[in-house]
Every structure is written in C-alpha cells, then in structure tokens.
Amino acid sequence: MKLKLNSEARAILRAIMEEIRRRTVLPESSILLEKFEPTSDPEEIRRRQEYFREKLPLVKEGIGEYIAKVKPIRFRREYLHDRVLIVDESEFERASSLGLCEVSTESVDPSEYPLVLSTVGYGIDVELSPAQIAPELYVLPLWENRETLEALARIGESLGRKSVAREILRELAPLKEVMERRRVLESLDELVAEKERELNEKISEKLERFSLTLTGKELVEFLSELRAGNYDAIFRHFGGIEGEILDLINEAESELGERLGVAVELFPRDEMYPVRAAPERVEALYQELKRELKVELYLKSRGILERIAHLLPGLKKELESVKELDFLRAVKDFTRGFSFPELWSGGIAFVNGRHLFIENPQPVSYVVGTKPANFSVPGSENIADERVVILTGANSGGKTSLLELITQIEVLFHMGFPVPAERAWLEPLDEVFFFRRKKSVYGAGAFETALRSFVRALRGEGRKLILIDEFEAITEPGAAVKIIGELLRIAHGKGFYVVIVSHLGEDLKKELPFARVDGIEAKGLDESLNLIVDRQPRFGRIGRSTPELIVERLARKRRGAEREIFERILRAFRP
C-alpha cells in the first residue's frame, strides 16, 4: 500500500531521494531507492526499519574509498579469429552455435592459425564449452579489473567476511609475466626504434673519439698495399673499431631479447653505421612472438579458469552487494544523527526535529493528536490531544518550515528510514497533503484552485495528514474565517490530522473549540536590528505577530522625515 502524496509532499520526497542519490558513488546504487517508496503498511515499515537497524552499523567509515574503485566486470562473448576448432561431423552444428571461432571437420594448415583446438585429437584437446575454447574471454576481464577485485577484497575485510576476490587475485598472479611480454610486444616498433637511436648515438661517440696512429714505416707499407690493390690493409687497421661496434650491436640485441623473452637478431652486420633494423626481421619476430604469446595466454587462461570457475558466482554476488553497500553508505551519511520513530496510534509527535534543508536549524518539538507519555517538552501540559492545530505567529518565524519538517519526518518514516529528530512517535498514514502558499498568486482563479484542492483532500476516509500554509492569503479575512472554519470542522469530524498556518488564530479559536492554537513569537531585535524569533511553538498560545517590531526596525534605520513617520506609527502600538 503506497502512501499517497500530493504534489508538494511528493516534491519533498524527491528532494530527500536526490540528497541520498547525490551521496552514492556508483550510478547503479541509487536504483535501490525505488524499493523504498513510502508505504502505508505498518508491517512493511517495521520490516524496513529492522533492515536498516541491522545493515547501517556494518557500514564503516572510509569504505566509500573502496566502493569508488569498483567497476562492473563484464565477460564478453566475442568471435575469435586467432583459432580454429576441429570437430567430428556430429559435433559441427553444436560447435558452430557457440559462435566463438572458426569450426571445421577437416585438418587445417597450422600456419594459418596460432591456435588449433580439437575434440578429435588434432591440436590442443578441448571440450565443447566456452570455458575450454575461449577461456581468455573470462580471464582477461578479471585481469583488466584487478583494481576492482582488490577493492572487493578490502570491502570484505572491512565487513569481516571472506571475499572470493582475494582468491581470484592470487590465481591471476601467474598471468603477470605473459601480460607484460604482450605489452612489450605491442610496442615492439617503438622499442626497436629507440634501441636504434641509442645504438647509433653510441657508435657515433666511438667514431668521434677514434684516431689512427701509424709510424713512418707502417705508413709506407700501408700506402704500398693500397697501390697494389690490397684493401684488406684498411680492415686490418680499422678492425678494432669494427669489433667495438659489433659488441654494441650484440649488446643492444641482447637487451631487446631480455625484454621480449627470446633471442633476437635484428640489425645487419654489413652496414655498421648508421645502424638500421631490417623491417622484414622485425615483422617476422613480431609474428613469431605473437603466435607464441597467444598459445601461452590461452594455456594459462585455461588453467586459471579451471581453478576459479567455482568462484565466479560468488564474485557476481559480491559485485551486486557493493551496490547495496553503497546505497546503505549514502543512507547512513544522510541520516547521521537521526533516530528510528516508534510506530503508534494516535498522531504525530517528535522531539528536537531538525529541518533537513536549513543550515544549523533550531530544533523544534511538536505534537498533532495524542501526546505521548514521554513527550516532556516545556508547555506540553497545554496539549489536550487535539487533531486540528492552528499555527500562528511571527512573519519569517518558521511556520512554513515547521510544516516542511513535519512532511519530511512523515515521508522518511513511511520510507522506513530514520527521521531527523531525537525521538518520534508516528502513526502510519494513508495520505499526506501539503499545501504550500504560492507566492504572488492571488485572485479568483487562485482562490478557486486552492479551494478545490482542499476539498479533494477532505474527500473519503482513512488516516490523513493535511498541512495548509496561509489559506487566507488568497481571499479576504472575513470569508477566510468562514471557509477555513467549515473545512476544519469536516476534517475534525472525519478524524483527520490538520495543521494550518494562519494569522486568524483568535477568530478561528472562537469558531473551533476542538482546535488548538499554537504560536511562534518574536522576542525583539538584535544588535543588527534583525528579528529574534524562538522557532519552538508555544502550545495552546496565540503567537503574536511582528508588525510592531518591524515598524521599530524601520524607525531606527531611517533618517529625517521618514523616521518621524515611522516613530509616529510606532507610538500607535505603545499608548
């Protein structure tokens, strides 16, 4: 049974939900709010309260840091072009329906595919299952989301429970080496180009420092051999530097081989400067390593998946539970300092309620209907369990804010949440109506619209709370007393709870002996000539309005002729 709310009350519900939603870290978490639409069912409210009582204490400070690192882990279903599956003719249709790779009933040239899988003993033996044919589709998303797995493990530790994420991380560890080599292979061209640059710089430095010294006899012999066409003499004299250059090339290739995990020979020896890696050798090396890595990645992934497959359902549950945990963390943050209200029959009562959307609000205690035995608030002896209350008092004194606070408390209560009060006693209702005074809306049209809305609220039976903010503002006072009086008589006769803000407290009190009149009073002006208002209503007492104080403030702020006029008006208040 959903709690029925009119548009203004539902606007407060939306504001509350937006505040909670704003505190969530994961976009999916706020969807859980939809499960907590206000309900009129007392048992459902109790069930929700028990849920929050049990779950909110589990949320520890700082857990949001780990929740923020959790990302969805999606296992992709892709068609892999790097493998072929050889099967028996009887298995062909089933194997093809998996849609994972090329399927054949005949042998193929192994050079065409890095991976040849088979159910008939040709290539790597497999079973007809995605886990055996394409284990990388399960393992690689886990590897790419190691930060998420680590966050899940930390969350599990925070909650005092074992996380399967930690075990999955341990099983993924052997994949590190092959993934590093794959990363290096993907940047092979850049690595070779960088090694070329370094190598040519070193050779250039050696050549700049190289000098050839010959004695007179050696020079004569050297020239004679050149005239005779014996060019070996050149290499004999320059052989030392050639050897040093070869050493540099070998060293560079050795370093590349260590990075790639295989012996390489990329640089030609016949042209020593400048050194250029042979493109065909680089491409051949790339294809060879790529093929080897695909096989190694497949085999490692298959082994890992066999060991963690039974953990994946648990991982799915942990990922889902993080959404709930994020939602609970947002609720806990929003409801910090709140309390769970008691369900009871008799009305609405709360002690030290605090408006949700006013900074540093003055706590207010209030009762509509039966006063609880433990409601020990000064002046509460004037309460006689009235269901209809007329709230009077100072302009800008907090009357509208009190109606908003009552609505906020009611909405949160019917959601099953804690409420912003030290203590609260609340009866589950069927409907809540909040009629906020519309600024700058006057005239016959506005009056007719408002009157129709009030009458709709009074239709039917049930447990209803009706909050009205200054109805008389849209019609003349004399008519307002008659109309409000009759509306409140109807509400009283049906047992509805009503709080109406009005400056016609004295007139209405004469007409409605069953109603209580409460008042919010201004006490004076502070040093800055601002009104000093005690926002806690005085029970059973009409709140004096503030025109005298406003006139006094204007008189003290103005100068000259204006001040004289305001002082004359002020004297009219003070015979």
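A residue is called buried when its relative accessible area is under 20%, exposed when that area is over 50%, and partly exposed in between, with a 1.4 Å probe and protein chains only. By that criterion, 46% of the 575 residues of this protein count as buried.

Colleagues, the structure above is a predicted model, in which local features need pLDDT of at least 70 and side-chain atom pairs count only at pLDDT 80 or more, while totals for chains, interfaces and linings use all residues. Residues are numbered from 1 along each chain as its sequence is written, and side-chain values use heavy atoms, with hydrogens and water left out.

The protein has 20 helices and 15 strands. These elements are DSSP runs numbered from the N terminus: helices are H or I with at least four residues, and strands are E with at least two. Contact, as I shall use the word, means heavy atoms within 4.5 Å. Among contacts between residues at least 6 apart in sequence, 71% join residues at least 24 apart.

I turn now to helix packing. Axes are lines fitted to C-alpha atoms, for helices over the stretch in contact, and angles run from 0 to 180 degrees between N-to-C directions. How do helices α7 and α14 pack? Helix α7, residues 146–159, and helix α14, residues 312–334, have their axes 11 Å apart and meet at an angle of about 70°. That makes α7 roughly perpendicular to α14; the classes are roughly parallel under 35 degrees, roughly antiparallel over 145, roughly perpendicular from 65 to 115, and oblique for the rest.

The crossing of α7 past α14 is left-handed, a term that applies if the near helix is turned anticlockwise from the far one by less than a right angle, a clockwise turn being right-handed. On the α7 side the contact involves Thr 148, Leu 149, Leu 152, Ile 155 and Leu 159, and on the α14 side Leu 315, Glu 318, Leu 319, Val 322 and Leu 325. By class, this contact of α7 with α14 has 8 nonpolar, 1 polar and 1 charged residues. Here Ala, Val, Leu, Ile, Met, Phe, Trp, Tyr, Cys and Pro count as nonpolar, Asp, Glu, Lys and Arg as charged, and the others, Gly among them, as polar.

Helix α7 also packs with helix α8, residues 164–172, at an angle of about 140° and with axes 8 Å apart. That makes α7 oblique to α8, and their crossing is left-handed. The α7 residues that meet α8 include Arg 146, Leu 149, Glu 150 and Leu 152, and among their counterparts in α8 are Ala 165, Arg 166 and Ile 168. The contact of α7 with α8 has 7 nonpolar, no polar and 5 charged residues.

Ile 168 also serves as a reference point for Ala 309, which is found in the loop between α13 (279–308) and α14. The C-alpha atoms of Ala 309 and Ile 168 are separated by 9.5 Å, although the residues are 141 apart along the chain. Is Ala 309 buried or partly exposed? Ala 309 counts as partly exposed, because its relative accessibility is 39%.

Helix α14 has a further partner in helix α2, residues 42–55, with an angle of about 95° and axes 11 Å apart. That makes α2 roughly perpendicular to α14. Tyr 51, Phe 52 and Lys 55 in α2 meet Glu 324, Phe 327, Leu 328 and Val 331 in α14, a contact with 5 nonpolar, no polar and 2 charged residues.

Next, the strands. Strands of a sheet pair through backbone hydrogen bonds, either parallel or antiparallel. For our purposes, two strands pair if DSSP finds at least two bridges between them. One open sheet of 4 strands has the order β6-β10-β7-β8, with mixed pairing. Its edge strands, each pairing on one side only, are β6 (342–343) and β8 (364–369). Strand β7, residues 347–353, runs antiparallel to β8, and 5 bridges join them; Ala 349 stands opposite Val 367 in β8.

Helix α15, residues 399–415, packs on this sheet and touches β6, β7, β8 and β10 (423–426). Thr 407 lies in α15 and counts as buried, because its relative accessibility is 0%. Leaving aside neighbours within four places in sequence, Thr 407 is in contact with Ala 9, Ile 12, Phe 434 and Leu 467.

Phe 434 brings us to strand β11, residues 431–435, in which 5 of 5 residues are buried. Val 432 and Phe 434 point one way from β11, and Glu 431, Phe 433 and Phe 435 the other way. Strand β1, residues 4–5, runs parallel to β11 and is joined to it by 2 bridges, with Leu 5 opposite Val 432. Strand β12, residues 464–469, pairs with β11 in the parallel sense over 5 bridges, and Ile 468 in β12 is the bridge partner of Phe 435.
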